[in-house]
Amino acid sequence: MEQQQWATVVEAATRAPSIHNTQPWRFTATADQLDVFLDRARALPVLDPTQRQQVISCGIAVEFAVVALAAAGVLSEVELLTDDADPDHLATVRVIGAIVPTDEDAALAAAIGHRHTVRDPFEPRIVPAGLLDRLQAEAAAFGTWFKPVTRSEEEVATVFLIDRAEEMEQGDPAYLAELQRWVRTDPGAVDGVPVGAVPAGDPHGRPSNWSIRDFVVGTRGHDAGAPVDPDAPPPDVERPTVVLMGTDGDDRYAWLQAGRALGRVLLVATADGVAASPLTQALDWPATRTRMRSRLSLVGHPQMLLRMGYPREGTAAGSVSGRRPVGEVLTVSPAG
Ligand SMILES: Cc1cc2nc3c(=O)[nH]c(=O)nc-3n(C[C@H](O)[C@H](O)[C@H](O)COP(=O)(O)O)c2cc1C
């Protein structure tokens, strides 16, 4: 593969979602392989001290690279954590042949450019069971379970744990200081979460029973939204599909597999018109994460909580987040 081809693949890989849009990755390429590394300079020591969520983010980037290669007619295979001396060397994507891309390959690659985290309320329309079954099968191919939160007692427990975690976070100055370092007001920012990607006002005032992460510190519980009109009709409350994804293990290998599964899930969903936003507050903290396991009788470890649904017209447009230029994250060796 030529340098320019790798740049195109890495551009697609970097469209991956990442926790706080930290983009915690580095890539090196030679003629026939792409290596993916965790970039510790972009760590979130308060929110993600074990780097679990950043490794998941890198796993998504790995899968986006595989999808971009397939659409370009390149068959690849992925090996994880091959270097015992360097645990930050997360994955090797090796070119193993040529293929004729299918329509599905093209659709998934196109979805890389369309996908954005959508935090605005979704349409009051459920995600069909057939699509959820398909997403479950996609995740299972990476040893990752995909479980819609359906029974009302599971939903109550999950909503409670998210709210509890959000409360803990809002009371933790170190968490808030770290979050603020990744919130961006400059529309040209190449990383971090743009304020425009987060619905304005008090997250509790949204027409939803699910609390999104409060990025704009101090809005929760304050009178930051529009004044409430007592005569207004009840808002159209969204009923998103919320799914938990998880793995049997809880190490870097499991996190990478969960990330790859999530990458496929997001692209298949996007290609079908379904958007998502992660709600990972309850998984940030060991206490709420452990309680999630017991309250929902989960076998294994929850890695991702995802809210899914159909975006309302016009809501995705304001949520485009920046990316660092490829030249900052990719080194192509002279042999390549
Ligand atoms: C592991 C992980 C955890 C995330 N957790 C949250 C979250 O709790 N709340 C939220 O609003 N977004 C969350 N996100 C979404 C990121 O903020 C988003 O991917 C990033 O800002 C880039 O934006 P994009 O997805 O629109 O490209 C998470 C993403 C990943 C990969």
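This report describes how the ligand is held in a predicted model of the protein.

The ligand sits in the largest cavity. Around the ligand are 22 residues, and the closest are Arg115, Thr117, Arg119, Thr280 and Arg323. By class, this shell comprises eight nonpolar, 10 polar and four charged residues.

The shell is drawn from several parts of the chain. Helix α2, which spans residues 52–71, supplies three residues, the largest share of the shell. At least three residues come from domain 1 (3–115 + 323–332), and at least three also come from domain 2 (129–220 + 237–319).

Oxygen atoms of the ligand take part in polar contacts with the protein, including those in the table below.

| Residue | Part of the residue | Distance to a ligand oxygen atom |
|---|---|---|
| Arg323 | polar side-chain atom | 2.7 Å |
| Arg213 | N or O atom in the side chain | 3.0 Å |
| Ser18 | polar backbone atom | 3.4 Å |

Arg323 is thus one of the closest residues to the ligand and also places a polar side-chain atom 2.7 Å from a ligand oxygen. For Ser18, by contrast, the contact involves the backbone.

Surface area completes the description. Taken alone, the ligand exposes 620 Å², and the protein buries 99% of that area.

Methods. Residues are numbered from 1 along each chain as its sequence is written. This is a predicted model: local features need pLDDT of at least 70, side-chain atom pairs count only at pLDDT 80 or more; totals for chains, interfaces and linings use all residues. Side-chain values use heavy atoms; hydrogens and water are left out. A residue is near a molecule or strand if one of its heavy atoms lies within 4 Å of it. A polar contact is a pair of N or O atoms within 3.5 Å; within protein, one must be able to donate a hydrogen and the other to accept it, and residues adjacent in sequence count only if both atoms are side-chain atoms. Accessible areas come from the Shrake-Rupley method with a 1.4 Å probe; for residues, only the protein chains shown count as cover. On a 1 Å grid over the protein atoms alone, a cavity is a set of points where a 1.4 Å probe fits but cannot get out, and a pocket is an open set with protein on both sides within 12 Å along at least five of seven lines; lining residues have an atom within 4 Å of a point. A molecule sits in a cavity or pocket if more than half of its atoms lie within 2 Å of its grid points. Helices (H or I, at least four residues) and strands (E, at least two) are DSSP runs, numbered from the N terminus. Ala, Val, Leu, Ile, Met, Phe, Trp, Tyr, Cys and Pro count as nonpolar, Asp, Glu, Lys and Arg as charged, and the others, Gly among them, as polar. Domain bounds come from an automatic or database domain assignment.
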